[in-house]
Amino acid sequence: MSPTANLQTVTLGPNGMVVPALGVGTWAWGDSLFWDYGKAYSDSDLHAAFDATLDNGLTLFDTAEIYGFGQSERLIGQFMQQRPQQTDQKAIVATKYFPLPWRFSKQSVAEALSASLDRLQVASVALYQVHQPVSFLLSQKDLMQALAAEVKRGRLGAVGVSNYSATQMREAHGYLAAQGVPLAVNQVQYSLLHRQLETNGVIATARELGVTILAYSPLAQGLLTGKYTPEADLKPTGARWLDPRFSQSGLTKLMPVIQTLREIGERRDRTPAQVALNWLVAQGNVMPIPGAKNARQAAQNAGALGWQLTTDELERLDRLTQRYR
């Protein structure tokens with residue numbers, strides 16, 4: 001039986017690609033500014049995470065040209081080249097374009113995409129997203145027209161955005177629709193500890209337009225794994241230790257959530273992280289993209305699919321985290 005046989009799936013936008021409802025975010029792959037790449041984990045750890053992700057039935061890898069200044073894309077390109085061609089599970093790549101101030105023409109969009117494709121060693125990507133909703137000299141209309149042209153050219157499977165508000169998402173959707181291209185995804189921060197998109201119109205607008213939510217930081221950068229507790233006095237690697245939520249008082253406030261995740265997980269032989277990810281999948285039209293820096297984390301991510309929380313469990317977690325909306 002295929003490893004994806006019993007996994008929940010999600011469709012990336014209207015009539016888009018159907019993929020397992022969990023991907024992997026690769027911000028930490030090659031990034032030594034925020035993360036601890038090269039110290040806490042190596043390229044061989046990431047290669048093992050890549051293979052374990054695919055071996056466990058997950059297929060979508062979300063990267064960006066800015067991650068590690070291109071190193072994340074390079075690593076994924078290398079790993080795809082080194083994976084045996086006969087394997088059933090093929091990597092699906094989503095990457096992102098950053099609207100830098102000096103990118104002022106449609107040609108600059110094509111050039112940025114060409115550079116990403118070169119680093120990834122592919123002719124096309126399944127999904128290309130605009131990393132931030134900023135407009136300098138290139139308007140949103142011109143940007144969306146340039147992306148639609150690349151879909152028609154065959155270098156993109158679908159167009160997405162990231163960190164767009166409800167209004168910005170609707171605007172991008174309109175410009176793309178005028179070119180006959182759907183808006184597939186809006187990648188935003190979403191977790192049990194970050195639920196603002198439920199009240200600021202993003203989720204409602206996404207559902208109305210048929211746009212899928214890609215949830216980044218779905219484990220709140222590790223806070224929902226249960227690894228960090230006031231007693232453990234364990235500090236996260238990289239720049240995360242600056243986040244006050246990782247302080248002793250911050251962790252103490254979070255303990256009711258962590259304890260509930262643990263309790264639900266123990267009844268099902270699941271980890272707190274798997275419970276937190278399953279809660280997101282249960283929201284519908286949401287694809288979490290947790291990070292994975294080694295094979296163990298990749299396999300744990302995959303264990304968030306193939307089962308479902310009960311209505312009572314979902315409601316309990318919902319009530320417990322209402323304040324984060």
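Strand 5 (residues 92-97) and strand 6 (residues 127-130) are joined by four bridges and run in the parallel sense, where two strands count as paired if DSSP finds at least two bridges between them. Helices (H or I, at least four residues) and strands (E, at least two) are DSSP runs, numbered from the N terminus. Within this pair, Ala94 has Leu127 of strand 6 as its bridge partner. The model is a predicted one, in which local features need pLDDT of at least 70 and side-chain atom pairs count only at pLDDT 80 or more, while totals for chains, interfaces and linings use all residues. Residues are numbered from 1 along each chain as its sequence is written, and side-chain values use heavy atoms, with hydrogens and water left out.

The pair belongs to a wider arrangement: eight strands form an open sheet with parallel pairing, in the order 3-4-5-6-7-8-9-10. At its edges lie strand 3 (24-25) and strand 10 (286-288), each of which pairs on one side only.

Strand 7 (residues 159-162) is a good place to look next. Three bridges tie strand 7 to strand 6 in parallel, and Tyr128 has Val159 as its bridge partner there. Towards strand 8 (residues 183-189), strand 7 makes four bridges, again in the parallel sense, with Val161 standing opposite Asn186. In a regular strand the side chains alternate between the two faces of the sheet. Both faces of strand 7 are covered, since Val159 and Val161 on one side and Gly160 and Ser162 on the other are all buried, buried being under 20% relative accessible area, exposed over 50% and partly exposed in between (1.4 Å probe, protein chains only).

Helices link these strands. Strand 6, helix 4 (residues 140-153) and strand 7 make a right-handed β-α-β unit, and strand 7, helix 5 (residues 166-177) and strand 8 make a right-handed one too. A crossover is right-handed if, with the strands pointing away from the viewer, the path from the first strand over the helix to the second runs clockwise.

Helix 5 also has a helical neighbour. Its axis is 9 Å from that of helix 6 (residues 202-209), at an angle of about 20°; axes are lines fitted to C-alpha atoms, for helices over the stretch in contact, and angles run from 0 to 180 degrees between N-to-C directions. The two helices are therefore roughly parallel, given that angles under 35 degrees count as roughly parallel, over 145 as roughly antiparallel, 65 to 115 as roughly perpendicular and the rest as oblique. Ala166, Met169, Arg170 and His173 of helix 5 make the contact with Val202, Thr205, Ala206, Glu208 and Leu209 of helix 6, contact meaning heavy atoms within 4.5 Å.

Helix 8 (residues 272-282) is largely enclosed by the rest of the structure, because 10 of its 11 residues are buried; among them are Pro272, Trp279 and Val281. The axes of helix 8 and helix 10 (residues 311-320) come within 11 Å and cross at roughly 100°, which makes the two helices roughly perpendicular. Here Val275, Trp279 and Ala282 of helix 8 meet Leu314, Leu317 and Asp318 of helix 10. Just after helix 8, Gly284 takes a positive phi of about 85°.

Finally, Ser116 sits in helix 3 (residues 106-120) and is buried, with a relative accessible area of 0%. Leaving aside residues up to four places away in sequence, Ser116 touches Glu65, Glu73 and Thr95.
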